[in-house]
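Thanks for coming. I have one structure to show today, and I will keep to a helix and a few charged pairs.

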Amino acid sequence: MPFPVPGPPLPSPGGTRAPPPRPAWNTNRNLVVTHPLLSLLESCPSFPRLLQLHALLTVSGLAAHRFPASRLLAFCALSTPPRVDHTAAILARAAPGPNTYMLATMMRAFLRAHLPRRAFALFRRVISDSLPADARTLVFALKAAAAASENGSPSAGEGVHCLVLKWGFTGQSMLVGNALVHFYANHKSLAHAHKLFDEMPERDVVSWTTLLDGYARGELADEAWLVFCRMVAAGGLQPNEVTLVPVVSAIGQMGLLALGRRVHHYVAEGGVRVSVNLANALIDMFGKFWCVASAREVFDSMAVKDVYSCTTMVNVYGKCGDLESASPLFEDMPKRNAVSWSCMVAAYSQANQPEEAIRLFKQMVEEGIEPINATLVSVLSACAQLGCLDLGRWIYDTYIISGKAVLTVNLGNALIDMYAKCGDLHAASKLFTEMAERNVVSWNSMVMAHAMHGQSEQVLCLFKQLKGTYIVPDEITFLGLLSACSHSGLVSEGRRYFEEMKLAYGIVPKAEHYACIIDLLGKSGLLEEAFEVAKGMPLEAGEAGWGALLHACRMHGNLEIGEWAADKLVKLDPSDSRIYVLMCQIYASKNKWDQVKMLRMLMRDRGVKKNPGCSSIEVDGKFHEFLVADVSHVHSEDIYAALKNIYIHLELEASSCTYFLKEVPLYIPFISWSENEMNFCCP
C-alpha cells in the first residue's frame, strides 16, 4: 500500500484543524501524508523526537520500507547539524535497498557535513548499481566533485559532465546546466563555462548570475559587465539582489564610480530587495573609490548587519586612513572574526603605526583567534617597520613551520622583506631559495634587500638570474638595481641599466629612478652631469632628486650647485630642517660662518626646528625609544654612564676614530661641545 496519498488531509472528528507548521528541514510542500506515525514524522521538530518516532516505525515494521526510510533520511540530511551517522544506519536497513532518491538525500547530508568524498562515493554507487540518476543526483555529484578535488583539479567533475552528456541531460535540465556552468566557473575554466551557458536552450536568472559571478571572482570585470548588459538586453528576466552582487564587484574592479552610483540609485529606489550581501558589496565598492561618506550611508541604512558588514566598513575606514572612525567601530562589533582583526591590523600597519598593529595582533592571539595569511602579512610589515626580528621569527616558527599557515607567495615576500629590514639577510636569502613559487615581488624583495645592505654584486647576480626566468622585471626591480649601483659607485653599470630599463623593457623612468642616477653621479664626483640630469628631467626632480644632489654637494663641497639645489628644495618644503643643516655644513666647510649664522636666524624666524635623531631597541618583547639627549628613560643615568665609558675608550683609539667622532658627535649631556662644533652639527 503506498504511503503518500494525493488530495487534502482527512478532517479530524472535532472538525477541521489546521495542520501543524512544517519544521525547517521539511522543504517538500506538495507531499500529503495520512498515516498517523508518518504524519507525526513530517512535523518532527527535534532529533530526540525523531529517535522516538524511529523506534515506533521500527517496531511497526515501517522503517524498512523505502518511503518512511526516505523521510527519516530527509530529516537527518536537512536538520542542523546533519546527522550523518544516523543516516548511514537508516540507509543500511532499507529494503529492498536504497533507491536513487535515498542515495541523493544521503549525498546531500554528506555535503552539508563537509564530507564530499563520502558523497561522491555514493554517486559511484548509483552508477555501479545501475540506478536511474535524476537531475538532483547529478547536481549533488558535481558539488561533491568540486569540493573533493585535489589541487583544484576538475577531473572528477569532468567525469560527471561526461555522464551528463551520455544520459542526455545537457539540453533537458536547466538545473544540471546551471550546475555545470557553476562547476567550471569555480575552477576558473570560464571559457568552458561560457560555452555551456551559450549551449543551454533555456536560461533563468540563476544561469546569468552564475556566469556573472564566475567572471567577477576571476577578476575579469569587463567580461562580467558584458554578460550583465547582454542579460538586460535579452529582456524577459529581471536581475535580482543576488545578480547585482557580482555586478557591483565588477564595477569596483573597473573603477567606474559614476556607474556604481547609478546601480546604487537603482537599488535605493526599490529596483531590487536590498539583501545583506548586496549592501556589503556596495560598501566595499564605495570603499575602493575612497567614498567613505557613501559607504557609511549604505552601512547606516542597513536594517540588519552581519559581521561582514562591520568588517567591510572597518576596512573602508582603514584603507582611507581614518583610524579614529575604524577603531571604535571595530571595538563595538558584537562579533569579530579573523578577517575583522586582519582589517584592523592592516589599517594600523599601513598608517605607520606598527606598535598598535603588533599590540592588536598579540591581543588577537590571546583571545584565541587564529590569524589568516593576510593578518600575518600585515604583522610582518609592522615588524619590518620596527625592526622586530624576534616576533617575525616567532611567527615563522609558530605558523609556517608548524603548518598552521600555508607559505604563499605573498606571505613569503612579507617574510623576506621583514628579515631584510631587520638585518637578517641570511634568513631572507634562505627563504627565497626555498620558495616553491616566486613572482616579481619576490625577486624585487631580494634585490632591494641586498641593495639596502650595499651588496651590489649580489644585486647584479640576482638580476642576471631573473632575466633567465619567465618573470619580467618591473620599475621596482630597476629601482633596486640603480640603488645598488649608487651605493657602490658603479657609474657605468648604473647608466647601462637606466638605458636598458627604457629601451629593452619600455619602462618610463619615474622621479625615484632619476634620483638614483643623480645620487650615483653626485657621489662619484660628477656633480655637473648630475646637475644637468636634474635640470633636464621630463618631470620635476622633486625632493628626492634635489635632495640627492644637495647631499652630493655637501660631500664634495660644491657651494654653487648646492645653493641651487637648496633653493629648489626650500620652494618645495620650506619647513624641512635637513635643507638648512646640509647648507650649514657646506658653508662651514668653506669657513663661511656669516652664512651659517644667517641660516640659523632664518630657521628661527621661520620656526624651523631640527628633527631630533631617534633610535629604538627591543628588549624582552618591549620597545624602548630614545631621542637625542633624551633623559626620560628610567635607566637613563646608567645608559649615559655606559655611553660615556664607550666614548672615553673610543677617544683612546687611533686618529681615524678621532676623525669619526668629530664628524659624527655623540649627543651625551655630560660632554660639552664647542660652539663651532654645535653650529656645524646641530644648527
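I will take the helix before the salt bridges. Keep in mind that this is a predicted model.

The helix is α27, which covers residues 475–488. Does its length fit its residue count? Put properly: how far apart should the ends of 14 residues be, at 1.5 Å a residue? The expected span is 20 Å, and the end C-alpha atoms of α27 are 20 Å apart, so the two agree.

Now the ends. At the start of α27, Asp474 places a side-chain oxygen within 3.1 Å of the backbone nitrogen of Ile476. On the other side, the helix is followed by Gly489, which has a positive phi, near 70 degrees.

Which residues of α27 are buried? They are Thr477, Phe478, Leu479, Gly480, Leu481, Leu482, Ala484, Cys485 and Ser486. What do these buried residues pack against? Their partners are four helices: α25 (440–452), α26 (456–467), α28 (491–503) and α29 (511–523). Two of those, α26 and α28, come back in a moment.

On to the salt bridges. The count is 21, and I have picked three.

The pair Asp213 and Arg217 has its closest N and O atoms 2.7 Å apart. Both residues sit in helix α11, residues 205–217, with their positions four residues apart in the numbering, about one turn of the helix. As a reminder, an α-helix has 3.6 residues a turn, so residues three or four places apart point the same way. Asp213 is partly exposed at 25% relative accessible area, and Arg217 is also partly exposed, at 38%.

Next, Glu434 and Lys430, again with a closest N to O distance of 2.7 Å. This pair lies within helix α24, residues 425–434, and is likewise four residues apart. Glu434 is partly exposed, with 46% relative accessibility, and for Lys430 the value is 46% as well, which makes it partly exposed.

The last pair is Glu500 with Lys467, where the closest N and O atoms are 3.1 Å apart. Glu500 belongs to helix α28 and Lys467 to helix α26, so this salt bridge ties together parts that are 33 residues apart in sequence. Is Glu500 buried or exposed? At 17% relative accessible area, Glu500 is buried, because the cut-off is under 20%. Lys467, at 44%, counts as partly exposed.

To close, α26 and α28 both pack against the buried residues of α27, and the Glu500 and Lys467 pair links those two helices. That is what I have; I will take questions.

Note on methods
Residues are numbered from 1 along each chain as its sequence is written. This is a predicted model: local features need pLDDT of at least 70, side-chain atom pairs count only at pLDDT 80 or more; totals for chains, interfaces and linings use all residues. Side-chain values use heavy atoms; hydrogens and water are left out. The expected span of a helix is 1.5 Å times one less than its number of residues. Buried means under 20% relative accessible area, exposed over 50%, partly exposed in between (1.4 Å probe, protein chains only). Contact means heavy atoms within 4.5 Å. A polar contact is a pair of N or O atoms within 3.5 Å; within protein, one must be able to donate a hydrogen and the other to accept it, and residues adjacent in sequence count only if both atoms are side-chain atoms. A salt bridge is a side-chain nitrogen of Lys or Arg within 4 Å of a carboxyl oxygen of Asp or Glu.
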